[in-house]
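Work through the exercises below with the sequence and the structure at hand. Each task is followed by a solution in steps.

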Amino acid sequence: MTKNNISPLSLVILLALALGFSACKKNKKLADISDQNAVKEQMEKEEMEEEPQVVEPKVKPPVKEATKEDKLTNYFGAIANASSTNSANASIQEALTMFSNSEAPVLIVIYKDGSNPSYDEPTTIGKYLNYLKDTKNNKAKIEEVVYDSNGKIKELVLRK
Amino acid sequence: MRIIQSLTFLIILFHSSVGQSGLTYEMKETENQLYASNKQINQFFRRFNGEEDDDGNRYYTSDKKYRDASLRKKYIPGLFDRETSQIDPNYARDFVRQITDKRSPAFLNFHEDDWFAEVTTEFTFKGRRISGLLYMRLQQQGQGYEWIIEDVAFDQFQKLFDKDTSSTKKFMHPLSHELDFMTLRKAFHGNNHNEQFTAKNYTPDFLTIFLYEMNQGNMKFETVKNVKFHFFSIDGWYFSLANFNRPGYNTGWLISSLVPLNGADQKKQLKDYIYNKN
Amino acid sequence: MKNLKYTILSLLLLTAIGSYAQNNVDPGRKQAIDSLALEKVKDLSKYISIIGNKETQFSESQRVMDRAEELFSPGSEMGVSSLNREEISYYKVREYFERLMALNYDKVTIKWYDIHYVSDLEQQPDGTYVGVITIYQRFEGSSNDGMTYKDTTKKDITIYVKKKETQIAGRIIEFWDVLLGDIRVTETSA
């Protein structure tokens, strides 16, 4: 390949990379905004839950939690794709504020056959976030989130 | 439009090759060789049986191409060592024809077949490092399987047994019983070949000696030097499997010898030879 | 004739069901467990790359070594040989990591070939499943004086898979415990 052949390609790559980075930034901002919305929604949700349980409590309206889960998903991405250990650690600290504590259990479903899921060995959110940092393996998606009375996550179920 | 598409494709390609593995071209070449290699005995079994696709993905019993005849015909020639073993091409052709026969194809069965390992080992015995062979085999046990030691061959044990069967050999005379066997005293005196006083059909059991010396603490395991496998699982044939660690596309666990067997006698002879029982 | 056909068919079906029942694991789940095991091996490979990298801070290496060690069943060993040193040296896993971290190069790059082999999972006498996953590592070490060393090693990694139970927030969770065991490391001529 001659130099002339490389440069347009690398330009495009550079462009693509630049776009990628700005997209990351945008996500981060979105995440910040969605946090406030999420907290508000969480408060609404708690009010709902305090009402007498006419509706079956396990059936949660999916729209209500979407933003908070999005925020967590964004943190997972930010940690797994962090450019440095320091920025990954910073994202871990931020993500941990969403949880009751760093020991909150994380279950990972590896296979589901009807109502009988197979899990990986249960871990904790602190360990899981570091796992994302070290291995950059961000395959698992959020399946279920259980909140405590303060609106913090006390249990997380992921699905691979 | 097409240019943009191909550029996008190039970018994706660039990202996936550099982003994920970061392999150099030299490494790509090596990778192709490693792909071709029979990396485990397990893979030798799968390729022999046609239980793996072109990309090395496993076929399960429910897959349409599981044990497919044309797949096997493609794989099996690659299972022979083509560089050093000098396998008779006529034998190889007959062998492949037999195992891929449309009406009665032959497959390897990990649990049930007549196959075993010959493991070259080193031990320390009475302060000296010695080499010996362990013959190992799979055995059903409990909820699954285990490898067990079926037999051993150590020069140090074998050379102690050299039974004289001639008419001039030492003996205890036939009226010893009248003397309360006081002939034993002279028989054992200064003798290190006491096997002369055993029955005609006596054969020493080296596995027991090995276990005795191990359990007594006289013998200590050091290391494994080499492993090979002997297969008597295909009717009328013997083949051995050895590991070839070398550059190129004919590497890993490969058939290193192939011998046609005519009848049970030849099979027994060859087994005795492998087990060092001649 | 038809009856015979059906009898044979149902007999075949019965044996098929019987063999699954014996193993207690359906094929889909088995595949998921295979993937889980491979993922643990890939996690290990990433940990090894971090530990070997000279730019990794000491505290990070220590933490990563702890995490890597957690992947193994206790007492696991690495048996290492090379092309010019056939003799196998045995190291405890932690010891192996520490030696890797202390290697006397100014720059170390550990890459992994995009090739792996996952054996069948076989049941051992106590019911635990055991398998071997093979992966290949590319090592490059260089010193500031321009000396470089490169090798490709094959790593045959034992994996143990066992169904276990634990209690999380008051309920029983059944999970597949995948642990790595002994590893045989051989240098390849490729």
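**Exercise 1: a sheet in chain B**

Phe231(B) has Phe239(B), in strand 5 of chain B, as its bridge partner. The model is a predicted one. Starting from this pair, describe the pairing of the two strands and place them in their sheet.

Solution.
- Step 1. Strand 4 of chain B, residues 219-231, runs antiparallel to strand 5 of chain B, residues 237-244, and 3 bridges join them.
- Step 2. Both belong to an open sheet of 6 strands in chain B, with the order 3-2-1-4-5-6 and antiparallel pairing.
- Step 3. The edges are strand 3 (144-153) and strand 6 (252-260) of chain B; each has a single partner strand, so one side of each lacks a neighbour in the sheet.
- Step 4. On average, neighbouring strands of this sheet are turned by 35° against each other, direction ignored.

**Exercise 2: two hairpins in chain C**

Which strands does strand 6 of chain C pair with, and over how many bridges?

Solution.
- Step 1. Strand 6 of chain C (residues 148-168) is antiparallel to strand 5 of chain C, with 14 bridges between them. One pair is Gln137(C) with Thr153(C) of strand 6.
- Step 2. The hairpin of strands 5 and 6 of chain C has 5 residues between the strands, and Gly146(C) has a positive phi near 95° there.
- Step 3. Strand 6 of chain C also pairs with strand 7 of chain C (residues 171-187), again antiparallel, over 15 bridges. Here Asp156(C) has Arg184(C) of strand 7 as its bridge partner.
- Step 4. In the hairpin of strands 6 and 7 of chain C, 2 residues lie between the strands, and Ala169(C) takes a positive phi near 45°.

**Exercise 3: two helices in chain C**

How do helix 2 and helix 4 of chain C cross, and which residues meet?

Solution.
- Step 1. The axes of helix 2 (residues 27-52) and helix 4 (residues 93-101) of chain C come within 8 Å and cross at roughly 40°.
- Step 2. Helix 2 of chain C is therefore oblique to helix 4 of chain C.
- Step 3. Helix 2 contributes Ile48(C), Ile51(C) and Gly52(C), which meet Phe97(C), Leu100(C) and Met101(C) of helix 4.
- Step 4. By class, this contact has 5 nonpolar residues, 1 polar and no charged.

**Exercise 4: chain C against chain B**

Describe the side of chain C that touches chain B.

Solution.
- Step 1. The contact involves 24 residues of chain C and 25 residues of chain B.
- Step 2. Strand 3 (107-118), strand 4 (122-123) and strand 5 (129-142) of chain C each supply at least two residues of this side.
- Step 3. Strand 3 of chain C gives the most, with 5 residues.
- Step 4. The chain C side divides into 9 nonpolar, 8 polar and 7 charged residues.

Technical notes:
Residues are numbered from 1 along each chain as its sequence is written. Chains are lettered from A and ligands numbered from 1 in the order in which they are written. This is a predicted model: local features need pLDDT of at least 70, side-chain atom pairs count only at pLDDT 80 or more; totals for chains, interfaces and linings use all residues. Two residues are in contact if their C-beta atoms, placed from the backbone, lie within 7 Å. Helices (H or I, at least four residues) and strands (E, at least two) are DSSP runs, numbered from the N terminus. Ala, Val, Leu, Ile, Met, Phe, Trp, Tyr, Cys and Pro count as nonpolar, Asp, Glu, Lys and Arg as charged, and the others, Gly among them, as polar. Two strands pair if DSSP finds at least two bridges between them. Axes are lines fitted to C-alpha atoms, for helices over the stretch in contact, and angles run from 0 to 180 degrees between N-to-C directions. Angles under 35 degrees count as roughly parallel, over 145 as roughly antiparallel, 65 to 115 as roughly perpendicular and the rest as oblique.
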